[in-house]
Amino acid sequence: MATTRELLGHPGLGPHLLAPWELRRLDAVRVPARRDDVLAARLLLRLCAARLTGLPPQETGLAQRCPRCARDGHGRPYLDGHPGLGVSLSHADGLAAAAAGPGPVGVDVEPAARRPGPPGVLRRLLPEADLREAAAHPDPGPALLRAWVRAEARFKAGPPGAGAVHRVTEWTDGRRSAVVAVASAGTPALLPPAAVLGGPVPGRVDRGPVRLPRTAPGARP
Ligand SMILES: [Zn+2]
């Protein structure tokens, strides 16, 4: 998880890393701030996929094709040629999150100040236990937001597979004022942006592909 500003301000990260279908999708976003969020999330997703596969960000086979209408750019993203791996992305108001790992994964990020609603929708979408837990607080808002983010992450991961359950990890990033959740098959490595971004490529100011560390991810919340 990172802010849009952190990602788009990083040397070497830019629209040149995206596939033509992603650029077309980006062009269709009319609000500039939202376009930046989409770009940031897609770049972060490419970095996560590159880190997972050991491939350059442009060559991870990242694809997103809707099974209903067969158009690119919506539906659950996936890595072409890596059927055992899952990828997911999320963006909201200056925040971007992405996840990549074995099996189904789903990620959701929301600004910590956001309050989900209305109550009728929450009653339909959130687990009963989460609603009860939130109602026990004097202000149920923050607990409802956390439950919402967990539910979104589970939904985006899709069915966990026969006999399996999603492991849902949720946390609050105080510095970035964000609530994040990831649903995954295994224990997620929660990487700070610096771990995924690597450093600027020595001898090049910008525009070059980001060099990604190939070592195993060091889990650091
Ligand atoms: Zn569609």
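Strands here are DSSP runs of E with at least two residues, numbered from the N terminus. The model is predicted.

**Exercise 1. Place Ser 177.**
In which loop does Ser 177 lie, and is Ser 177 buried, partly exposed or exposed?

*Solution.*
Step 1. Find the strands β7 (167-173) and β8; Ser 177 sits in the loop between them.
Step 2. Read the backbone. Phi of Ser 177 is positive, about 50°, and the residue is not a glycine. Most residues other than glycine have a negative phi.
Step 3. Count neighbours. Buried needs 20 or more other C-beta atoms within 10 Å, and exposed needs 12 or fewer. Ser 177 has 15 C-beta neighbours inside 10 Å, so it counts as partly exposed.

**Exercise 2. Repeat for Asp 93.**
Where does Asp 93 lie, and what is its phi?

*Solution.*
Step 1. Asp 93 belongs to the loop between β4 and β5.
Step 2. Its phi is near 45°, a positive value in a residue other than glycine.
Step 3. Asp 93 has 16 C-beta neighbours inside 10 Å and therefore counts as partly exposed.

**Exercise 3. Find the cis peptide.**
Which two residues does a cis peptide bond join?

*Solution.*
Step 1. Check omega. It is about -5° for the bond between Gly 117 and Pro 118, which is cis.
Step 2. Set this against the usual case: most peptide bonds are trans.
Step 3. Locate the proline. Pro 118 is in the loop between β6 and α4 (119-125).

**Exercise 4. Survey the chain.**
How many helices and strands does the chain have, and what share of its residues is buried?

*Solution.*
Step 1. Count elements: seven helices and eight strands.
Step 2. Count burial: 36% of the 221 residues are buried.
Step 3. Look at contact range. Among contacts with a separation of 6 or more, 58% join residues 24 or more positions apart.

**Exercise 5. Map the largest nonpolar core.**
Which elements give two or more residues to the largest nonpolar core, and which one gives the largest share?

*Solution.*
Step 1. Start with the members. The core has 46 residues, and those touching the most other members are Ala 41, Leu 44, Leu 45, Cys 48, Ala 96, Ala 97 and Ala 98.
Step 2. List the elements. The helices α3 (32-53), α6 (141-157) and α7 (193-197) each give two or more residues, as do the strands β4 (85-92), β5 (95-102), β6 (106-111) and β8 (178-184).
Step 3. Rank them. Helix α3 gives twelve residues, the largest share.
Step 4. Recall the general trend: in soluble globular proteins, nonpolar side chains tend to be buried together.
Step 5. Test one hub. Beyond its neighbours within four places in sequence, Ala 98 contacts Ala 41, Leu 44, Leu 45, Cys 48, Ser 88, Leu 89 and Val 107.

**Exercise 6. Follow three buried strand residues.**
What surrounds Leu 95, Ala 99 and Val 107?

*Solution.*
Step 1. Take Leu 95, in strand β5. It is buried because 27 other C-beta atoms lie within 10 Å. Beyond four places in sequence, its contacts are Met 1, Thr 3, Thr 4, Val 109, Pro 111, Arg 176 and Ala 178. Arg 5 is 90 residues away along the chain, yet the C-alpha atoms of Leu 95 and Arg 5 are separated by 8.3 Å.
Step 2. Move to Ala 99, also in strand β5. Its count is 32 other C-beta atoms within 10 Å, so Ala 99 is buried. Its contacts beyond four places include Cys 48, Val 87, Val 182 and Pro 188. Leu 190 is 91 residues from Ala 99 in sequence and 9.2 Å away, C-alpha to C-alpha.
Step 3. Finish with Val 107, in strand β6. It has 30 other C-beta atoms within 10 Å and is therefore buried. Among its contacts beyond four places are Leu 89, Ala 97, Ala 98, Ala 99, Ala 153 and Val 182. The C-alpha atoms of Val 107 and Ala 157 are 7.6 Å apart, with these positions 50 residues apart along the chain.

**Exercise 7. Describe a helix pair.**
How do α5 and α6 cross, and which residues meet?

*Solution.*
Step 1. The axes of α5 (residues 128-135) and α6 come within 8 Å and cross at roughly 160°.
Step 2. Angles over 145 degrees count as roughly antiparallel, so α5 is roughly antiparallel to α6.
Step 3. The crossing is right-handed.
Step 4. Asp 130, Glu 133 and Ala 134 of α5 meet Ala 143, Leu 144 and Ala 147 of α6. These residues divide into four nonpolar, no polar and two charged.

Technical notes. Residues are numbered from 1 along each chain as its sequence is written. This is a predicted model: local features need pLDDT of at least 70, side-chain atom pairs count only at pLDDT 80 or more; totals for chains, interfaces and linings use all residues. Helices (H or I, at least four residues) and strands (E, at least two) are DSSP runs, numbered from the N terminus. Two residues are in contact if their C-beta atoms, placed from the backbone, lie within 7 Å. A nonpolar core is a set of buried Ala, Val, Leu, Ile, Met, Phe, Trp, Tyr and Cys residues joined through C-beta atoms within 7 Å. Axes are lines fitted to C-alpha atoms, for helices over the stretch in contact, and angles run from 0 to 180 degrees between N-to-C directions. Angles under 35 degrees count as roughly parallel, over 145 as roughly antiparallel, 65 to 115 as roughly perpendicular and the rest as oblique. A crossing is left-handed if the near helix is turned anticlockwise from the far one by less than a right angle, and right-handed if clockwise. Ala, Val, Leu, Ile, Met, Phe, Trp, Tyr, Cys and Pro count as nonpolar, Asp, Glu, Lys and Arg as charged, and the others, Gly among them, as polar.
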